[in-house]
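This report looks at a ligand and its surroundings, then at the pocket and cavities of the protein, and lastly at two points of backbone geometry.

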Amino acid sequence: MKRQFSSQDFQNIAAFIAGKTPHRPKIAFVLGSGFGDLVDALESPTAIPFQDIPDFPQSSVVGHRGRLVFGIMQGRAICIMQGRVHFYEGWSVEHATLPIYVLRALGIETLIISNAAGGLNPNFQPGDLMLIEDQINLVGMIGHNPLVGPNDPGLGPRFPDLSKLYDRRLRELAMSVADERDLALRRGVYVGLAGPAFETPAEVRFLRMIGGDATGMSTTNEAVAARYLGMRVLGFSGISNSAIDTIDSEQETTHEEVLAAGATLVPKLTSILQGMLARWDEAE
Ligand code: HPA
């Protein structure tokens with residue numbers, strides 16, 4: 001199987017983007033469903049719609065704008081990917097992770113990924129923020145892994161180690177900032193699913209049994225690609241709903257509920273990110 005995009009493609013797309021903004025960030029955030037308003041925290045923003053960028057995949061999901069926004073936060077240049085595409089929209093995992101390869105070609109060294117997730121851990125409540133300590137990439141484990149295909153050793157190793165996927169020092173900094181600001185920060189394992197249907201109660205109990213604390217339809221392949229490319233990775237799940245674990249429940253899960261939780265979660269995540277950027281030297 002040939003790969004669709006090469007190192008040269010990533011360089012060309014990165015050069016196109018660099019020509020549209022004066023900012024030269026080393027840190028990027030990927031914003032999940034309902035987190036879009038976090039861009040308001042950027043000073044001197046320049047926004048580039050995905051549709052203007054060659055080969056960039058376009059999101060069809062409500063709540064995902066589809067822009068790269070560059071700007072300044074706490075005196076540091078930042079790139080925010082506002083919206084993403086998902087496997088369930090029909091994109092190959094290679095195409096869905098193209099933006100991550102392009103961010104690397106742009107000089108990004110640290111990728112901070114966020115998502116909206118269903119809470120599997122019975123102690124979690126909607127509105128909680130969870131620091132991702134580790135992940136189970138169920139989509140990747142059944143063969144939809146972004147690294148499948150011929151490997152370009154100029155980009156990363158054939159068999160990357162993922163035993164330290166989510167960077168320890170960045171996690172420690174996030175926890176310290178949360179503590180300092182009196183923000184409750186949960187910790188746990190994120191399980192990445194294909195979606196788009198929400199899980200059955202039997203599936204929810206299965207995900208809990210295999211060690212999941214939160215689950216969603218994104219993030220895991222982005223994290224794998226970023227780590228492969230040598231980036232440091234950090235992740236946050238906004239718990240938007242409690243996953244329903246019994247067929248006798250009166251509740252239902254809806255996308256509207258997932259988006260609504262963003263209103264509570266954006267201020268918390270913004271505060272933690274700002275606190276981290278202010279103390280960034282400690283994580284370097
Ligand atoms: N399951 C899967 N993905 C999700 C959920 C969920 O309950 N909530 C938000 N994204």
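## The ligand and its site

In this predicted model, the ligand sits in the largest pocket. Two or more residues of the shell around the ligand come from each of strand E5 (110-119), strand E8 (214-216) and strand E9 (232-242), and E5 gives the most to that shell, with 3 residues.

The residues around the ligand are, in order of sequence, Ala116, Ala117, Gly118, Phe198, Glu199, Thr215, Gly216, Met217, Ser240, Asn241 and Val258. By class, this shell divides into 5 nonpolar residues, 5 polar residues and 1 charged residue.

## Polar contacts and cover

Nitrogen atoms of the ligand take part in polar contacts with both side-chain and backbone atoms of the protein. A polar side-chain atom of Asn241 lies 2.7 Å from a ligand nitrogen, and a polar side-chain atom of Glu199 is placed 2.9 Å from a nitrogen atom of the ligand. From the backbone, Gly118 offers a polar atom at 3.2 Å from a nitrogen of the ligand. On its own the ligand has 260 Å² of accessible area, and the protein covers 96% of this area.

## The largest pocket

The space in the largest pocket comes to about 420 Å³. Its lining is made up of 29 residues, and the closest of these to the pocket centre are Ala116, Phe198, Gly216, Met217 and Val258; these five residues are also found among those around the ligand.

Several elements give two or more residues to the lining of the largest pocket, namely E5, helix H6 (201-209), E8, E9 and helix H8 (255-260). E5 gives the most to this lining, with 4 residues, just as E5 gives the most to the shell around the ligand. When the lining of the largest pocket is divided by residue class, 12 residues are nonpolar, 14 are polar and 3 are charged.

## Enclosed cavities

Rolling a probe the size of a water molecule over the atoms shows where empty space is left. A search of the whole structure finds 4 cavities of 30 Å³ or more, and the largest cavity has a volume of about 170 Å³.

The lining of the largest cavity consists of 15 residues, with Phe87, Met217, Ser218, Thr219 and Asn221 lying nearest its centre. Met217 also belongs to the residues around the ligand. Helix H2 (93-96) and helix H7 (220-228) each supply at least two residues of the cavity lining, and H7 gives the most, with 3 residues. The residues lining the largest cavity divide into 7 nonpolar, 6 polar and 2 charged.

## Backbone geometry

Most residues other than glycine have a negative phi, and most peptide bonds are trans. Against that background, two places in the backbone deserve attention. Gly195 and Pro196 are joined by a cis peptide bond, with omega at about 0 degrees, and Pro196 is found in the loop between strand E7 (185-192) and H6. H6 is also one of the elements that give two or more residues to the lining of the largest pocket.

The second place is Asp182, a residue other than glycine whose phi is positive, with a value near 60 degrees. Asp182 has its place in the loop between helix H5 (168-180) and E7.

Terms used: Residues numbered from 1 in each chain as written. Predicted model: local features only at pLDDT ≥ 70, side-chain atom pairs only at ≥ 80, totals over all residues. Heavy atoms only, no water. Near = heavy atom within 4 Å. Polar contact = N/O pair within 3.5 Å; in protein donor to acceptor, adjacent residues only side chain to side chain. Areas by Shrake-Rupley, 256 points an atom, 1.4 Å probe, with all protein chains shown as cover. 1 Å grid on protein atoms, 1.4 Å probe; cavity = no way out; pocket = protein on both sides within 12 Å on 5 of 7 lines; lining within 4 Å. Sits in = over half its atoms within 2 Å of the grid points. Nonpolar A, V, L, I, M, F, W, Y, C, P; charged D, E, K, R; others polar. Points joined across faces, edges and corners; volume = space filled by probe spheres on them.
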